[in-house]
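Visitor: Could you take me through this structure slowly, with the terms explained as we go?
Guide: Gladly; let us look at it together.

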Protein chains: 2
Amino acid sequence: MKYTHYNHELNIKHLGQEVYLKGWVQKSRNLGGLIFVDLRDRFGITQLMVKPENTSYEKALKLRSEFVIEVKGVVIERESKNLGIPTGEIEIEVSDLEILSAAETPPMAVTNESDALEETRLKYRYLDLRRPVMQNFLIQRHKITQAIRSVLVKEGFYELETPILGKSTPEGARDFLVPSRLYAGHFYALPQSPQIYKQLFMVAGFEKYFQIARCFRDEDLRSDRQLEFTQVDIEASFIDEEDIQRVIENIMVHTFKEVLDVDVKAPFEKMSFRHAMDFYGTDKPDMRYDLLIKDFSDLFNQIDIPLFNDKKYIKGLIMPNGAGLTRKQIDKLADLVKKNHGDALVFIKKQNNEYSGSINKFMSQKDYELLGLNNEDILFLVPGQDDNCLNALGALRVELAVLFELTNPNDYKFVWITDWPLLEYDEDEKRYYAKHHPFTQPKDVDVLLNNPKEAMAKAYDIVLNGYEIGGGSLRIYSQDVQQLMFKTLGLTDEDVKHRFGFFVDALKYGTPPHGGLALGLDRIVMLMTHTSNIKDVVAFPKTQSAKDQMMQAPSDVDEVQLEELHLKIRGE
Amino acid sequence: MKYTHYNHELNIKHLGQEVYLKGWVQKSRNLGGLIFVDLRDRFGITQLMVKPENTSYEKALKLRSEFVIEVKGVVIERESKNLGIPTGEIEIEVSDLEILSAAETPPMAVTNESDALEETRLKYRYLDLRRPVMQNFLIQRHKITQAIRSVLVKEGFYELETPILGKSTPEGARDFLVPSRLYAGHFYALPQSPQIYKQLFMVAGFEKYFQIARCFRDEDLRSDRQLEFTQVDIEASFIDEEDIQRVIENIMVHTFKEVLDVDVKAPFEKMSFRHAMDFYGTDKPDMRYDLLIKDFSDLFNQIDIPLFNDKKYIKGLIMPNGAGLTRKQIDKLADLVKKNHGDALVFIKKQNNEYSGSINKFMSQKDYELLGLNNEDILFLVPGQDDNCLNALGALRVELAVLFELTNPNDYKFVWITDWPLLEYDEDEKRYYAKHHPFTQPKDVDVLLNNPKEAMAKAYDIVLNGYEIGGGSLRIYSQDVQQLMFKTLGLTDEDVKHRFGFFVDALKYGTPPHGGLALGLDRIVMLMTHTSNIKDVVAFPKTQSAKDQMMQAPSDVDEVQLEELHLKIRGE
């Protein structure tokens, strides 16, 4: 079908040209006999004008929003210009007009601003996605994907595909299962990540691999989580931490420049996990503002405050010029602290050079003066036995940044979090879990063997503006160390053989040192498009209750399908 | 980790340079005290030499095949040169050598030639893939994928992702199902293709979409089929057949040039489905050779041959210089004809200007002379009532091309097959099936309404060297026509509503004319790498019995997993 221009292209330079355009009717209006139509395509809008004497006038009279049309006409100068859009100085005097598709009145308006319910938007996703603001999310996603891939290809990584129908290895999140028709009672599993496959690519000598990989977790959904998600999965051989970090930095610098025209500075700052916890109260610190956590334990050891008795730590943070917070606001912050397992929230204000606050009656002027407050500051304190007080202060820090507008969304601050503990001890189950995953290389095998609690990992996360956007590690490439790791995690020899036998086997025929990282593509697109709703950056998302509203999936299936799969529904 | 070169890079120009290399020991040999090592990486091989006086000599003595090492050394000229490889004029005199990983003797040799059983190769896939010939399949796949994508991106297509967890619409092949944990007795389905999603992208106004999409069919496997496969899925709005064909031609021209340095001429030849059937006996003709089917019905109508009585058609093909075929070879061809539902195979030879053959006693010299045979030709005839005789001759044609070596694998001949019937009538089930799929646009809606058997489709397949590598069509974009199509296929209003309700709904809010095509990526890689086994071009394939030999999937799962999914195994 013939068309000469998209709807963002024509301007005053094209005056007098004959053009063919197509698209959707954004709106149509009759002004004193002249019909004006805003014609929309994926790039923009052009104004059409149809005169009463034109043979297409009858057709033009029928136009309603969302009709699909094609027109032929001549570019003329507009009388009343709209300098807000690229085509705003011209319009098309239409000579021919064809209606390609009529449209019923849509159940939601196809405009950037929408007051449609989320349920309606998801049911009519194909209309929701017609809104330019929504199209833009997916177009940016496309651009981001291309930019990331181009760096990897240029650096010699091969894009290789791994199976979606794999094996269930129940560890960590829940697998989605796929019943086998040929083997009664047997199941494939959808991959939670291509972790094992990508390491096998390294065993197989491909040296540099990546994949824009779909991953699946049958977990309860949140606003930033879907049943299926996409990660940029990367692995390389003969590399160390610095090498892989440099690749990721190149990706980020190029992608932010290409897509947002933003200059990101590399190399990124590095921070140990411990430092991040101690000063930011989180393993994913937002580096756009300071507001560091301080340790006041020694100071308050000297003062007898019942609330602080028996507490190991008294930590806090000073919000400069925060003394104006109302009691109501502070109460809300106290709730936040408790929700994040903080024991309590204590505050001290310095206003007009007078101190006040929730522990006023225990504090002397001299005590106050040791705190280091400037006039108009507020200090928040959280007492605690362990890292919980840091977690609570971390949440408080983020909330204060919102309240005091400390962040600019167009400011992008990356940080590497390094020096992770290898294991986490679960007090209830009396066993260790891998902090990242069981293939992460320990910094020192002897420590893993003799004092697993202290074992550190060759792992690194990349954090952007307070969100983890990727995590990686060097991997274990020795069969013995891998066995030790599984054993430390409480797997019996039988377990290991049954679940990971082939993988442990694979390590013994000459495995190169290797490592990698996986970037969360959905999260990166969210941050780069400034949305906090993952559904905005996924074309056909599931609801929070794991449903496809448009297609009505999951759905029941024919009994004969279940028979073929050797399955029965329980309770039927 | 430091390395200065890959193992295909060093040559006589680098003499005297100090270099760092890494890789796998291809082989190691001790010649008069000197140790020679062939060091392999993904690009090639470099020869190392370790002298007895070197401090690394003890380590070098330990080297066995598939050890992973890194070395430092100096490039020197080789005494006995191997001009068969790029590095064959030099070797590295090693000063330092580190063993990064030892290797047990692998269960199969890591060499291009392998006599390992397929079972062994699949079980130790990570070793099989280490063989350069196998690595090359996946590296070519990577390059082909990048080349195809680059054209689509350049032409303004957006790469958009569609869900893997979708809805079961049992039509055509069998779906893989995924039980839902939240909704007892409900299932997601893995997509057989993103057909509906990509049309919804057009409804949503994205105008140009593509995806390198994983698709799933729970069908019995053949050597060219896997449970999951990859297609390059393409859709565009405001286009006609020529537009989409031009995009595909651009893809092919660019990809063959980029990956194989082969010049492909576009536009490709076009041929109607009917013509292909009549002259090539197939809808996917190999255009690298002629050998056209001819209709001898009129001629044999004049001759009384019992075998031909009551047969509607007598069709055949002449193999020039084929008269030397032995009786045994001809018997094999007759078997092939019968396997392809041909009624019988008759042959007539002209040798030393004498005619002979299986119907000699019915034929006069005058009859023979009407056949148009040259000396040393052989004519094969298949009588039949319908297209079966064409199918049989089509299979015969392909086999003759093999026997007489009529094809060159480095010759690439594309052809578009157009003008397809819209429907196929199933005599047993007394109903129509869509020849492509139920979204294909009819050429004439009135014919579909009044005489569905004769309805033609706006569909086109692309065929390369006798293989269908892609199929596409313009789509129905009117709700009424879509309803008519479903009705013609025997779906009740209830069926349509339940299965496709949301989709029929979507067509009524302003749907642009659109169409597209899906390319079979696995098949394209197979043809471009000259393998007939799909497993060669898939990193981790399933066996013909749908198993992952390496991981042992599908596997049994914990009872608790089944309980969570509300499932029971039948018969337990």
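**A bent helix and its surroundings**

Guide: In helix H14 of chain A, the buried residues are Arg499(A), Phe500(A), Phe502(A), Phe503(A) and Ala506(A), where buried means that 20 or more other C-beta atoms lie within 10 Å of a residue's own, exposed means 12 or fewer, and partly exposed lies in between, with C-beta atoms placed from the backbone. Helices (H or I, at least four residues) and strands (E, at least two) are DSSP runs, numbered from the N terminus. This is a predicted model, in which local features need pLDDT of at least 70 and side-chain atom pairs count only at pLDDT 80 or more, while totals for chains, interfaces and linings use all residues. Residues are numbered from 1 along each chain as its sequence is written, and chains are lettered from A and ligands numbered from 1 in the order in which they are written.

Visitor: What average pLDDT does chain A have?
Guide: The pLDDT is the predictor's confidence in each residue, from 0 to 100. In chain A, 99% of the residues score at least 70, and the average is 95.

Visitor: At which residue is the kink in H14(A) centred?
Guide: Helix H14 (residues 493–506) of chain A has 14 residues, yet its end C-alpha atoms are only 16 Å apart, short of the 20 Å that a straight helix would reach at 1.5 Å a residue; the expected span is 1.5 Å times one less than the number of residues. The bend at a residue is the angle between axes fitted to the seven residues ending there and the seven starting there. In H14(A) the kink is about 90 degrees, and its centre is Phe500(A).

Visitor: Which helix of chain B do the buried residues of H14(A) pack against?
Guide: Packing here rests on contacts, in which the C-beta atoms of two residues, placed from the backbone, lie within 7 Å. Within chain A, the buried residues of H14(A) pack against helix H5 (195–203) and helix H13 (479–488), and from chain B they meet helix H3 (125–128).

Visitor: Which helix gives the most to the side of chain B that touches chain A?
Guide: The contact takes 95 residues from chain A and 95 residues from chain B. On the side of chain B, the greatest contribution, 7 residues, comes from helix H4 (residues 132–154).

Visitor: Is Glu159(A) buried or partly exposed?
Guide: Glu159(A) lies in strand E6 (residues 158–159) of chain A, and, not counting residues up to four places away in sequence, it touches Phe210(A), Gln211(A), His142(B) and Thr145(B). Because it has 19 C-beta neighbours inside 10 Å, Glu159(A) counts as partly exposed.

Visitor: Which residue stands opposite Ile569(A) in E23(B)?
Guide: Two strands pair if DSSP finds at least two bridges between them. Strand E23 (residues 567–569) of chain A and strand E23 (residues 567–569) of chain B run antiparallel and are joined by 3 bridges. Opposite Ile569(A) in E23(B) stands Leu567(B).

Visitor: Which strands are the edge strands of the open sheet in chain B?
Guide: In chain B, 5 strands form an open sheet with antiparallel pairing, in the order E12-E13-E16-E14-E15. The edge strands, each pairing on one side only, are strand E12 (294–295) and strand E15 (354–357).

Visitor: What is the bridge partner of Leu317(B) in E16(B)?
Guide: Strand E13 (residues 313–319) and strand E16 (residues 378–384) of chain B run antiparallel, with 7 bridges joining them. In E16(B), the partner of Leu317(B) is Phe380(B).
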